[in-house]
Each structure stands twice: as C-alpha cells, then as structure tokens.
Amino acid sequence: MEWIAPCHFGLESVVKREVQDLGYEVTQVEDGRVTFSGGTDASCRANIFLRTAERILLKVGSFRAETFEELFTGTKEIPWEEYIPEDGKFWVAKAASVKSRLFSPSDIQSIMKKAMVERLKLKYHIQWFPETGAAYPVRVFLMKDVVTVGIDTTGTSLHKRGYRPAAGKAPIAENLAAALIMLTPWKKDRILVDPFCGSGTFPIEAAMMAANIAPGMNREFTAEDWTSLIPKKHWYDAVNEAQDLIDDQIETDIQGYDADEDVLRIARKNAEAAGVGHLIHFQRREVKDLSHPKKYGFIITNPPYGERLEEKDTLPRIYRDFGEAFRRLDCWSAYMITSYEDAQRYFGKKAEKNRKIYNGMIRTYFYQYPGPKPPREKK
C-alpha cells in the first residue's frame, strides 16, 4: 500500500527522514507531501510516531483530468469497494488545486462524490447508502492536472497531540515546532531555551523528543474504526511499541521563559499533560534578561511577528533586546521563526542560513545562527 504524509511547505525533507527512520521506503517527495510504501500497520505507526506530518492518507488512486468528465471517470475507476464498506460514511472532505484546469474545490468535491456513489451502487447493488458506519473522509490534490486521491486515516490533524487544549497568543503548531527543532543540531544532552515560550510548544516538543514519547500515543484516529481494512491489533501493537520506548527518567536542561505569568501557567499545565512537566523549567523573564552560565546552548524560538497592530511598535525593541542578550551568551546557537521582515536588522546580525516556511498562510523565515560545536570529551 502507499501512504501520503502531507506537511508544511518547506519541511518535506524532515518528514522524509522521519518516515525512513520508521523503516518505510519513501517513493515520492512533492511540495507539501511525502509518499511512502508499507503494510496496513504503517498507518498505525505513522500516525502514532511521526512528529512533523499533518496527517496520514491511504493513497487509493492517481490519474490525469483536464475536464470534469475525466475527473468523474477517473474517480469512478478507483476500486472504492475495496476500502469503503456498504454502511461506510464517505465524502470528499477537502480538494486542493494548483496549476490545474479544474480549480473549483466545491465542484471537484461534488463530482467526485457522485462518481463514488455510482461505483459503489454497481458493486453493492443498492440505490441508497445509510452511511451509519465508520467514516472515510477523502482528500484530493490536483497538481498540473494530475489528480491524487487519498482517504484520511487521521481525522483531527496530527499537530493536535492532546496536551494543549489551552494555547497562548499566536501559538505555533506542534508539528511545525517539532520539525524546526529537527532542523537544528540540538540533541537531548544539550541546553535548550525558548525566551518567548508562550504556551510552551518548543520546550514541550523538545522534552517529548528527549524522553522518546511518541506524539500520537494518547489520541484517537479515524482509521481505528476501519476494522475491515486495518486490524485492531496493529493499533495495540503500535501503542505498546511506543510505551516500551519511553525513557522519561532522564536529565535535561530545557527552559521556557515568557514575560506573561498567565501564559506560563498555561505552559506548565500543557507540559504536565504531555508527561514532561518534570523535564522543563518555566520562568517569568523578559528577553533582555536572558542569560545562562553554561556554554554551547541552543535558543529555538518563535518571537512576536506583529500580527496584531498594537505589537508593531514594540517589535524593534524586542528584537534588539533579543540580539543583545544572545551576544552576551558564550558560544550559543540561535534559531528563530518569524514573519517580521526587519528581524535580522534589529537582531543585529545576518543569519548564516534562512529557510522559507509557510506557517498556515503566513510566509515566515527560519533564521539560523549556529554557534561553534563543543569540544569532544576526551575518553
């Protein structure tokens, strides 16, 4: 079987590496998605273990369509009866089109639903579908007139780990935070500080990585009800595998600072819910007071963007204070994601690398200031 892992634009390489680390062969990498092959257990393990993907789709077909007639025919030729039982609830949950002749999402959705119904009527010899059973939401991408069709195994997006019911101002998605951490050389034995931690996403994701806690082990997935396709045992096996890998009795130096005490209360509550409260130190602290006695630490953060008008005037001072505090640290690295165009100017240093990443519809840049590597310990 082939599975598709959609992701943030610009982070395909991180998802690809994660999929390969799980032991699956990547068959295709495109803008915003990674396709890989694996058995039915791949759906369970990918949903539970992948930190950076948005969801996992079961790929059921791909064909060219330049007209709605070709879209109808191509959709009808997919063997839907192999996936959707007679009582299955099915609909086209999302359609996205890029550089294609067919571009109206609502028209694409309704035509594909009609084609699915026509196919299943012939196969099940019924005229009406009760749709009282498990849910099979279909997602479709059109890219240069090539239609790729998948059934969503995940349901609520994978960034919803279950630990963050309450988010602070302008939260960063959990899977995006995890991917950005993975783009740095940070490892669990190194210091990590987020001076704008908000609801705690960066420190929590880092602590979950350090303790090897699988991000999806405490939530539910749509495909758990697909008992005719994916045996329940695969889900139990994946959760047991995740539990066996946890090592939360480790020592870490992960810290989250914020100027807002109310937000920090939320961050502490979120960290406890994620099972990593004991691995993170949260503290009320202004960015100008950022300091640490040790060398070779990492700052990974999401400073204010100025999305709210009232923040715009304060941004130069915030970034200037951040830059000055960073320069006082000894041999540290800094990584920040922001859409603020003058970030480098007020930070006071041009980034060694920057990477364009779309955070939802906002174009952001991941500015990277890698510091020197610590000397190797003598054996």
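C44 is a good place to start: with a relative accessibility of 0%, this cysteine counts as buried. The model is a predicted one, and this short tour moves from its cysteines to its cores, then to a sheet and the helices packed on it. We finish with a closer look at D321.

**Cysteines**
- C197 is also buried, because its relative accessible area of 5% falls under the 20% cut-off.
- The number of disulfides in the model comes to 0.

**Nonpolar cores**
- The largest nonpolar core has 101 residues, and the members that touch the most others are W80, V149 and V276.
- Looking beyond neighbours within four places in sequence, V276 makes contact with I204, A207, M208, I213 and A271.
- Another core, of 24 residues, lies apart from that one, and L290, A325, F326 and A343 are among its members.

**The seven-stranded sheet**
- Seven strands form an open sheet with mixed pairing, and their order is β10-β9-β8-β11-β12-β14-β13.
- At the edges sit β10 (280–284) and β13 (353–359), each of which pairs on one side only.
- From one strand to the next, the twist averages 20°.
- Strands β8 (residues 192–194) and β9 (residues 254–258) run parallel and are joined by 3 bridges.
- To find one of these pairings in the structure, look for V193, whose bridge partner in β9 is Q255.
- As general background, the strands of a sheet pair through backbone hydrogen bonds, in either a parallel or an antiparallel way.

**Helices on the sheet**
- Helix α8 (residues 261–273) packs on the sheet, where it touches β9 and β10.
- The direction of α8 makes about 170° with that of β10.
- Helix α10 packs on the sheet as well, touching β11 (298–301), β12 (333–338) and β14 (362–369).
- Between the directions of α10 and β12 the angle is about 165°.

**A closer look at D321**
- You will find D321 in helix α10, which covers residues 315–328.
- D321 has a relative accessible area of 15%, so this residue is buried, the cut-off being under 20%.
- Setting aside residues up to four places away in sequence, D321 touches V287 and K288.
- Y296 and D321 are 25 residues apart in sequence, and their C-alpha atoms are 20 Å apart in space.

How values were computed
Residues are numbered from 1 along each chain as its sequence is written. This is a predicted model: local features need pLDDT of at least 70, side-chain atom pairs count only at pLDDT 80 or more; totals for chains, interfaces and linings use all residues. Side-chain values use heavy atoms; hydrogens and water are left out. Helices (H or I, at least four residues) and strands (E, at least two) are DSSP runs, numbered from the N terminus. Buried means under 20% relative accessible area, exposed over 50%, partly exposed in between (1.4 Å probe, protein chains only). Contact means heavy atoms within 4.5 Å. A disulfide is a pair of cysteine sulfur atoms within 2.5 Å. A nonpolar core is a set of buried Ala, Val, Leu, Ile, Met, Phe, Trp, Tyr and Cys residues joined through side-chain atoms within 4.5 Å. Two strands pair if DSSP finds at least two bridges between them. Axes are lines fitted to C-alpha atoms, for helices over the stretch in contact, and angles run from 0 to 180 degrees between N-to-C directions.
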